[in-house]
Amino acid sequence: MPFRPRTAVRGAVLATAAVLLCPVAAAARPAAVPAPPGWSAAPAPGDGAAPGAEDRPYFYLAGAPGTVMTDRLSLRNPAGRAVTVRLRGSGAWLAFAAKEVTVPPRTRATVPFTVTVPRDAAPGDRSAALVATADGTGSGAAGRHAVPVHLRVTGPELAALTVENVSVRDRGGAAVIRYTLVNRGNTALRPRLAVRADGLFGPVLRRAARTLPGRLAPGQSADLTETWADAPALDAVRVRLTAAAEGGAHGSAAASYTALPWGVVAGSALLLAGAGAGGLVVVRRRRGAKGAGGGRDAVREGGPDDAPVRSAGSGTRPAAEGQVASPEAELASTGPGARS
């Protein structure tokens, strides 16, 4: 095959261009360098509080009422610039040594905090959190971390529950049972309620114990209702509520309920109204009859002293022996025209 100078030159030019362009293409796609992670907040390792392992996922503290416990929150900033973090506790028992901390680049800062258990705190478990927030203005990056705090207040537990203010009212053919549950102990309770009712001729309602929604904190009360859709229409019923909860808490209370149909109530009301009106008419008639005959009786019963006395000159008979004349009669007998 004959040698062609033009073809050789063209191939050399292309090869040279490829060599020159390859470094440029490599430089246009530099290797990706991972950015350092942002700041974080976590329990400081090795503080001796349970569970006590390194890099604890949450705080766990236990103490009696009146106890002040301490621990430390760790703030880590691996970035190349400082970050300012604001600190607060989600509960009134938590307090930081500083409310704001600036963490330098590639540094870890440890901030102490305290948990003060009130002297009147009830034994049991509590939940809270330590909240760290950076707004991102100035140096650092925005973000928010909440570290859980599990607290157990130690001491003897008392479970006590009462049922109060039980009442039963009719509402559109059904009965509504109102009552109040009160947690008289120092532990949170999840009450169960059973309802029973007995009428004149035996049981009319039986509801097995069921767990009520929600929990009842120590000292808390709840006003609740039970609807009795098929309540008897004519009966005298005794309704009893029984509440129970964990730890042996138990309470019971009852109320009476008399069910009467509307027709019976209306008829009884009309009968009473009619009887009252009839009695009023009789009383008025008797009073009228007594008033009409009162004048005649007074005339008949009037004695000699009540009769009118005339002067002696008028022909009136003198008083009979043994009777006393009135003063008017004496004055008339001694007047100028009187006989000696």
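These legends walk you through a few views of one protein chain, shown as a predicted model.

**View 1. The whole chain, to get your bearings.**
Start with the overall picture: the chain has 340 residues, and its secondary structure comprises three helices and 16 strands. Of the residues, 27% are buried. Among contacts in the chain with a separation of 6 or more, 63% link residues that lie 24 or more positions apart. The accessible surface comes to about 22300 Å², and carbon and sulfur atoms account for 58% of that area.

**View 2. An open sheet of four strands.**
Follow the strands across this sheet and you will meet them in the order β13-β12-β15-β16, with antiparallel pairing. Which strands stand at the edges? They are β13 (202–211) and β16 (249–259); each has a single partner strand, so one side of each is left without a neighbour in the sheet. On average, neighbouring strands here are turned by 10 degrees against each other, direction ignored. A handy reminder while you look: strands of a sheet pair through backbone hydrogen bonds, in either a parallel or an antiparallel way.

**View 3. A closer look at β12 and β15.**
Now zoom in on two strands of that sheet, β12 and β15. Strand β12 covers residues 192–199 and strand β15 covers residues 235–245. How many bridges join this antiparallel pair? There are seven. To find your place along the strands, look for A194, which stands opposite T242 in β15.

**View 4. Strand β4 and its pairings with β6 and β8.**
Here the strand to watch is β4, residues 83–89. It pairs in the antiparallel sense with β6 (residues 100–103) over four bridges, and β4 also pairs in the antiparallel sense with β8 (residues 124–134), again over four bridges. Two residues make good landmarks: V85 has V101 in β6 as its bridge partner, while L87 stands opposite A132 in β8. As you trace the side chains, remember that in a regular strand they alternate between the two faces of the sheet.

**View 5. R56 and its polar contacts.**
The last stop is a single residue, R56, found in the loop between β1 (40–43) and β2 (59–63). Is R56 buried or exposed? Its relative accessibility is 3%, and buried means under 20%, so R56 counts as buried. What does the side chain of R56 reach at 2.6 Å? The answer is the backbone oxygen of A44. The side chain of R56 is also joined to the side chain of D71, by a polar contact of 3.2 Å.

How values were computed:
Residues are numbered from 1 along each chain as its sequence is written. This is a predicted model: local features need pLDDT of at least 70, side-chain atom pairs count only at pLDDT 80 or more; totals for chains, interfaces and linings use all residues. Side-chain values use heavy atoms; hydrogens and water are left out. Two strands pair if DSSP finds at least two bridges between them. Axes are lines fitted to C-alpha atoms, for helices over the stretch in contact, and angles run from 0 to 180 degrees between N-to-C directions. Buried means under 20% relative accessible area, exposed over 50%, partly exposed in between (1.4 Å probe, protein chains only). A polar contact is a pair of N or O atoms within 3.5 Å; within protein, one must be able to donate a hydrogen and the other to accept it, and residues adjacent in sequence count only if both atoms are side-chain atoms. Contact means heavy atoms within 4.5 Å. Accessible areas come from the Shrake-Rupley method with a 1.4 Å probe; for residues, only the protein chains shown count as cover.
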